[in-house]
Amino acid sequence: MTDPQTVHATCVAWDGKGLLIHGDAGQGKSALGLELMGMGCMLVADDRVKLQKVGNDVVGRCPDTIHGLIEARGLGILNADTLDEAVIRLVVDLNKTEQDRFPTRRTVTFCGVDLPLIYRIEASHFGPAILQFLKAGRSDR
């Protein structure tokens, strides 16, 4: 186990499989988290996520001071049911927009571990596609 690294991000999970939503302020991290929560994901952390390498995995947790809270721009801070932790299986970078129909597979490194990385998709299927990735992964065919 390594020392925790705190990042400015939102983390939600489906069945313990975590999604780290990364991006600058105002890019929609909390909004995407709320969308996925509306589809059945659980909140791990909003605004700040503590990441730690555990074995070969990166685990996301919430700082105690913001546990169970998520921002909904225009509504304020909302209470949420949470998971204590999730193994990060995918990272979304909201600062970049995907241009390719079949993008090159990318990775990003957190806590010394390479994780799958995707960019924002400007389409209505973005949230559902992320959820499907968490549920079943990406095809190699």
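This report walks through the cores, helices, charged pairs and unusual backbone spots of a predicted model.

## Two nonpolar cores

Let's start on the inside. The largest nonpolar core has 21 residues, and Leu20, Val49, Leu51 and Ile88 have the most contacts inside it. Five elements each give two or more residues to this core: β1 (5–14), β3 (42–45), β4 (48–54), β8 (85–97) and β10 (113–120). There is also a second, separate core, made of 19 residues, with Ile21, Cys41, Leu90 and Val92 among them. In soluble globular proteins, nonpolar side chains tend to be buried together.

Leu20 is a good residue to click on. Leaving out residues up to four places away in sequence, Leu20 touches Val49, Leu51 and Ile88, and its other contacts include Val7, Ala9, Leu90, Val92 and Phe110.

## Helix α1

Helix α1 covers residues 29–38. Its buried residues are Lys29, Ser30, Leu32, Gly33, Leu36 and Met37. Looking down the axis of α1, you would find these residues within an arc of 160°, so they line one face of the helix. Behind that pattern is a simple bit of geometry: an α-helix has 3.6 residues a turn, so residues three or four places apart point the same way.

The cover over the buried residues of α1 includes β1, β2, β3, β6 (69–72), β8 and α2. After the helix comes Gly40, with a positive phi near 110°.

## A buried lysine

Lys29 sits in α1 and deserves a stop of its own. Which side chain of opposite charge is nearest to Lys29? That would be Asp47, at 6.2 Å, and Lys29 is buried with no salt bridge. A salt bridge here needs the nitrogen and the carboxyl oxygen within 4 Å.

What does the side chain of Lys29 reach instead? The backbone oxygen of Asp24, at 2.9 Å. Beyond its neighbours within four places in sequence, Lys29 is in contact with several residues, including His8, Ala9, Thr10, Ile21, His22 and Leu94.

## Helix α2

Now for the other helix in this tour, α2, which runs over residues 126–136. Here Phe126, Gly127, Ile130, Leu131, Phe133 and Leu134 are buried. They span an arc of only 155° around the axis, which puts them on the same side of α2. Those buried residues pack against β1, β2 (17–22), α1, β8 and β10. Following α2 is Gly137, whose phi is positive, near 80°.

Ile130 gives a close-up of this helix. It counts as buried because its relative accessibility is 2%. Not counting neighbours within four places in sequence, Ile130 is in contact with Leu19, Leu32, Leu36, Leu90, Val92 and Ile118. Ile130 and Val91 are 39 residues apart in sequence, and their C-alpha atoms are 9.9 Å apart in space.

## Charged pairs

How many salt bridges does the structure hold? The count is five. One of them joins Arg61 and Glu85, whose closest N and O atoms are 2.9 Å apart. Arg61 belongs to strand β5 (residues 57–61) and Glu85 to strand β8, so this pair ties together parts that are 24 residues apart in sequence. Both ends are partly exposed: Arg61 has 24% relative accessibility, and Glu85 has 40%.

Glu98 and Arg106 form another salt bridge, at 2.6 Å from N to O. Glu98 is buried, with a relative accessible area of 15%. Then there is Arg120 with Glu122, at 3.7 Å from N to O. In this pair, Arg120 is buried at 16% relative accessibility, whereas Glu122 is exposed at 61%. Side chains of opposite charge can pair when their charged atoms come close.

## Unusual backbone angles

Most residues other than glycine have a negative phi. Asp15 is not a glycine, yet its phi is positive, about 55°. You can find Asp15 in the loop between β1 and β2.

Cys111 is another residue other than glycine with a positive phi, near 55°. It lies in the loop between β9 (106–110) and β10. Are these two spots buried or exposed? Asp15 is exposed, with 67% relative accessibility, while Cys111 is buried, at 16%.

Definitions and conventions. Residues numbered from 1 in each chain as written. Predicted model: local features only at pLDDT ≥ 70, side-chain atom pairs only at ≥ 80, totals over all residues. Heavy atoms only, no water. Helix = DSSP H or I, 4+ residues; strand = E, 2+ residues; numbered from the N terminus. Buried < 20%, exposed > 50% of the residue type's maximum accessible area, 1.4 Å probe, protein only. Lys, Arg positive; Asp, Glu negative; His and termini not counted. Polar contact = N/O pair within 3.5 Å; in protein donor to acceptor, adjacent residues only side chain to side chain. Contact = heavy atoms within 4.5 Å. Core = buried A, V, L, I, M, F, W, Y, C linked by side-chain atoms within 4.5 Å. Arc of directions from axis to C-beta.
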